Amino acid sequence: MLNECIEGLNIKPDGIYVDGTFGGGGHSSKILEKLTTGKLIAIDKDQTAISVGRQRFPDNPNLILINDDFKNIVDILDNLNISKIDGVLLDLGVSSYQLDTADRGFSYRFDAPLDMRMDQNATFSAYDVVNAYSEQELTEILFKYGEEPFARKIAREIVNARKKSDIKTTKQLADIIEKVVFKKHGSNPSTKTFQAIRIEVNSELERLDSAINSMIDRLNTNGRIAIITFHSLEDRIVKTVFKNRSSDCICDKSIPVCICGHKKEINIITKKPLVASDKEREANSRSTCAKLRIAEKI
């Protein structure tokens, strides 16, 4: 949804923008094309992504690359002495580069060590979740983060398997899942479990709402925020934040008179989330579940 994001940000040549999930630099490159004297702060907690960015955009005066988590946006901007920005883009979830790099252990398509760390300096990995979490803990994260209806059965199978030996690879985990979840046309039985474990390893939903709120706080008037989500949990958080910030009252509906004093701060540009075109879905299957929401500061 590259074009939809760039159009939605309504980029000014002299503006200051944030790409909170730099990844392979696809969105950043298009933002940079539209800047003359403006700045792009590109953030990623994956050190490899930042290294690739330095090679791809050497000595670009409009680009500031930051190896950090976008959830630390307040500290990042403060350290750069930047009080306000004109736009921010978040492409949530795992990047295509991470999915397609076998030894990162994000995908069931490759036989690789169980890893799934976006920040490779982190010590906690998918191996720890699979081999150390209790059956109840595994059940809870698979159900909560993966919305996996077979969560309890998968968790029990994982615990039984690791009694014999540690589960060390993505293939071992996928084989265990396939004993419980039957293959369906167009759907891999490991998808939901791998998603859930990845979210747990990287704390992807933790502080997401506060980060989005902080970004909205830093927007200039008419500044825009565009967020792409890939599953319902992320989208629900974005939708809730946008709804609250675009409302004049956020009191409980049972209260007859407003007592919160809240004032509307943003206009929601996308009344319904934008989805990928048929053409993009054919070219990139990952875009099938993508939703784009855009809001503007007033």
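Strand β5, residues 219–229, and strand β8 run antiparallel, and 6 bridges join them. One of the pairs to look for is I225, whose bridge partner in β8 is A295. Before going further, I should say that this is a predicted model, and everything I describe is read from that prediction.

Stay with β8 for a moment. Which other strands pair with β8? Strand β6, residues 266–268, pairs with β8 over 3 bridges, again in the antiparallel sense. In that pairing, I266 stands opposite K297 of β8. Strand β7, which covers residues 274–275, is joined to β8 by 2 bridges, and these two strands also run antiparallel. There, L274 stands opposite L292 in β8.

Is β8 largely enclosed or largely open? Strand β8 covers residues 291–297, and 6 of its 7 residues are buried, so the strand is largely enclosed by the rest of the structure.

Close by in this account is D235, which sits in helix α12. D235 has a relative accessible area of 8%, so it counts as buried; the cut-off for buried is under 20%. Setting aside residues up to four places away in sequence, D235 touches T229, K291 and R293. Of these, T229 falls within the residue range of β5, while K291 and R293 fall within the range of β8. That gives a link between helix α12 and the paired strands β5 and β8.

Next, helix α7, residues 135–146. How far apart should the ends of α7 be? With 12 residues at 1.5 Å a residue, α7 should span 16 Å, and its end C-alpha atoms are 15 Å apart, which agrees. The buried residues of α7 are L138, T139, I141, L142, Y145 and G146. On the pattern of such numbers, an α-helix has 3.6 residues a turn, so residues three or four places apart point the same way. If you want to follow this on the screen, take L138, I141, L142 and Y145, which are among the buried residues of α7.

What covers the buried residues of α7? The cover includes α6 (126–132), α8 (151–162), α10 and α12 (232–245). So that the end of the helix is not missed: just after α7, E147 takes a positive phi of about 50°.

Now the pockets. The largest pocket has a volume of about 1,000 Å³. It is lined by 34 residues, and those closest to its centre are Y108, T191, K192, Q195 and C289. Two helices, α5 (96–100) and α10 (191–202), each supply at least two residues of this lining. Helix α10 gives the most, with 5 residues. By class, the lining of the largest pocket has 12 nonpolar, 14 polar and 8 charged residues.

The second largest pocket holds about 740 Å³ of space. Its lining has 38 residues, and T21, G23, D91, S95 and R286 lie nearest the centre. The elements that give two or more residues to this lining are α2 (26–33) and α5. The largest share, 3 residues, comes from α5. By class, this second lining has 13 nonpolar, 15 polar and 10 charged residues. Helix α5 therefore appears in the account of both pockets, as a contributor to the largest and to the second largest.

Three single residues remain, each in a loop.

The first on my list is K45, in the loop between β2 (39–44) and α3 (47–56). Is K45 buried or exposed? At 18% relative accessibility, K45 counts as buried. Leaving aside neighbours within four places in sequence, K45 is in contact with N67, D68, D69, M118, D119 and N202. K45 and F22 are 23 residues apart in sequence, and their C-alpha atoms are 9.0 Å apart in space.

Next is N10, in the loop between α1 (2–9) and β1 (16–19). Phi of N10 is near 50°, a positive value in a residue other than glycine. N10 has a relative accessible area of 48% and is partly exposed.

Last is N81, in the loop between α4 (73–79) and β4 (85–91). Phi of N81 is near 60°, again positive in a residue other than glycine. At 73% relative accessibility, N81 counts as exposed.

Conventions
Residues are numbered from 1 along each chain as its sequence is written. This is a predicted model: local features need pLDDT of at least 70, side-chain atom pairs count only at pLDDT 80 or more; totals for chains, interfaces and linings use all residues. Side-chain values use heavy atoms; hydrogens and water are left out. On a 1 Å grid over the protein atoms alone, a cavity is a set of points where a 1.4 Å probe fits but cannot get out, and a pocket is an open set with protein on both sides within 12 Å along at least five of seven lines; lining residues have an atom within 4 Å of a point. Grid points are joined across faces, edges and corners, and a volume is the space filled by probe spheres set on the points. Helices (H or I, at least four residues) and strands (E, at least two) are DSSP runs, numbered from the N terminus. Ala, Val, Leu, Ile, Met, Phe, Trp, Tyr, Cys and Pro count as nonpolar, Asp, Glu, Lys and Arg as charged, and the others, Gly among them, as polar. Buried means under 20% relative accessible area, exposed over 50%, partly exposed in between (1.4 Å probe, protein chains only). Two strands pair if DSSP finds at least two bridges between them. The expected span of a helix is 1.5 Å times one less than its number of residues. Contact means heavy atoms within 4.5 Å.
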